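Hello,

Here is the structure I promised to pass on to you. Please have a look at it first; my notes on what turned up follow below.

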Amino acid sequence: MRRLALSLIALVTLLPVARAQSKPMLAATPPMGWNSWNWFAGKVTQEDVKQAADLIVSSGMRDAGYVYVNIDDTWEGKRDASGVLHTNEKFPDMKGLADYVHSKGLKLGIYSGPGDQTCAHYEASLGHEQQDADLYASWGIDYLKYDLCGFRTKMNADAPNDKLKQNAMMRDAYMKMHDALVKTGRPIVYSLCQYGFDSVWQWGAEVGGNLWRTTDDVKENFPSIALIANSNVGLGKYAGPGHWNDPDMLEVGNGKLTLDENRTHMGMWAMLAAPLLAGNNLTKLTSEITGVLTNREVIAIDQDSLGRQAERVYQEGPVQIWSRPLADGGRALAIINFGEDTTFLRGIPLHLKEAGVTTGMKARDVWAAKDLGAIKDDYKVVLRRHEMLLLRFSK
Ligand code: GLA
């Protein structure tokens with residue numbers, strides 16, 4: 001009898017676990033992949049996306065964790081008499097594209113918005129949320145970026161000069177698409193894109209967001225990257241498994257970024273537990289850029305299962321120190337020179353205690369792939385302009 005009671009208790013306690021196991025958490029670590037916007041913008045075609053999928057595989061990016069192939073704005077066509085949205089001539093066969101991407105072991109993402117138009121003035125989802133979500137699910141879409149843009153016109157028209165009401169409208173609109181996605185029964189990562197309005201990090205998870213943009217669009221230059229990194233100070237407490245701050249897609253390999261700048265960008269995004277969505281031209285991948293994007297140790301920091309985003313623990317002039325705790329009890333520490341000159345951190349301690357590094361921990365220089373042993377506060381750091389020293393401390 002006692003044994004029966006115990007088994008019943010075990011069954012009841014294990015049921016929720018079994019249920020949770022049958023539905024794995026979406027975006028348990030920050031999503032990784034590639035997005036068409038930063039390089040192709042409005043010119044992207046179905047062939048470009050297919051080719052991107054091929055290159056993600058052949059470059060080794062897929063095996064490093066880049067899984068989502070995301071089509072951004074400008075794939076949309078017109079709605080027919082029943083309101084069903086069609087693709088435009090650049091994307092003749094979305095279902096075929098999804099099948100192709102899936103056959104490579106990758107996932108396909110798409111883009112829309114809560115307004116009547118997207119940012120690039122294509123058809124968006126206002127009034128057709130469930131219809132669109134069902135359409136995505138029927139194609140086999142795995143990720144949706146939902147961009148506010150056109151909805152701002154509606155907010156201004158429906159609630160002129162009423163910020164509170166506008167914010168409520170915005171939250172409802174995001175919730176509506178979340179509900180529609182859930183109803184499809186297909187796991188679709190939900191990416192909110194509204195540039196950080198109304199402190200989205202405070203409510204993004206409540207409306208079902210797996211990630212939310214914290215700032216305006218990233219640009220392919222270092223000041224933009226530095227500005228975005230600094231705009232994420234203090235947001236760490238809002239991120240965690242299933243719901244992430246999104247400092248926008250990567251510009252690694254774009255524009256005239258130097259190797260130091262590309263590494264600082266990638267390393268900073270890893271510290272921020274940011275979604276890693278490459279945004280470069282994969283047909284022109286150099287070994288240097290592939291090396292930055294696929295550095296396993298940097299990716300391991302980004303994808304750390306604890307999911308704790310870094311916070312800034314120290315700043316002196318252009319030099320900043322950021323720290324993030326890791327699942328193995330260790331720490332990742334980034335020391336960044338955001339300034340224009342080579343900086344000698346002579347006399348500036350590493351502030352290891354404030355950064356959560358305990359005595360006895362051993363350091364590894366991640367970009368240099370070099371063990372440094374048990375370094376102390378007086379460890380001499382010389383950083384070139386825009387360079388980052390990325391340290392991983394382990395017990
Ligand atoms: C906004 C977004 C970008 C991109 C474009 C597409 O600017 O922030 O990331 O999606 O729209 O039109």
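Let me start with one pair of strands: S15 and S18 run antiparallel to each other and are joined by four bridges. One of the contacts between them links Ala363 to Phe393 of S18, its bridge partner. Please keep in mind throughout that this is a predicted model.

On its other partner, S15, which covers residues 362-365, pairs with S16, again in the antiparallel sense, here over three bridges. Ala363 is found opposite Gly373 of S16, and Arg364 has Asp371 of S16 as its bridge partner. Four residues separate S15 and S16 in their hairpin, where Ala369 adopts a positive phi near 50 degrees.

Which side chains of S15 are buried, and which are not? Ala363 and Asp365 point to one face and are buried, whereas Lys362 and Arg364 point to the other face and are not. As a general background, side chains in a regular strand alternate between the two faces of the sheet.

Now for the sheet as a whole. These strands belong to an open sheet of six, with antiparallel pairing and the order S11-S12-S13-S18-S15-S16. S11 (311-316) and S16 (370-373) are at the edges with a single partner strand each, so one side of each has no neighbour in the sheet. On average, neighbouring strands here are turned by 25 degrees against each other, direction ignored. Helix H10 (residues 259-271) lies across S12 (319-325), S13 (331-337) and S18 (388-394), and runs at about 40 degrees to S18.

Stepping back, the protein has twelve helices and 18 strands. The domain assignment divides it into domain 1 (26-302) and domain 2 (311-394). Their contact involves 28 residues from domain 1 and 23 residues from domain 2, and the C-alpha centres of the two domains lie 31 Å apart.

Some overall numbers may help too. A compact globule of 395 residues would have a radius of gyration near 21 Å, so the 22 Å of this protein agrees with that. The C-alpha atoms fill a box of roughly 70 × 70 × 50 Å along the principal axes. Buried residues make up 52% of the 395. Among contacts with a separation of 6 or more, 70% come from residues 24 or more positions apart. The accessible surface is about 17,400 Å², with 54% of it belonging to carbon and sulfur atoms.

Enjoy exploring it!

Best wishes

How values were computed:
Residues numbered from 1 in each chain as written. Predicted model: local features only at pLDDT ≥ 70, side-chain atom pairs only at ≥ 80, totals over all residues. Heavy atoms only, no water. Pairing = 2+ DSSP bridges. Helix = DSSP H or I, 4+ residues; strand = E, 2+ residues; numbered from the N terminus. Axes fitted to C-alpha atoms, helices over the stretch in contact; angles between N-to-C directions. Contact = heavy atoms within 4.5 Å. Rg over C-alpha atoms; globule rule 2.2 N^0.38 Å. Buried < 20%, exposed > 50% of the residue type's maximum accessible area, 1.4 Å probe, protein only. Areas by Shrake-Rupley, 256 points an atom, 1.4 Å probe, with all protein chains shown as cover. Domains from an automatic or database assignment.
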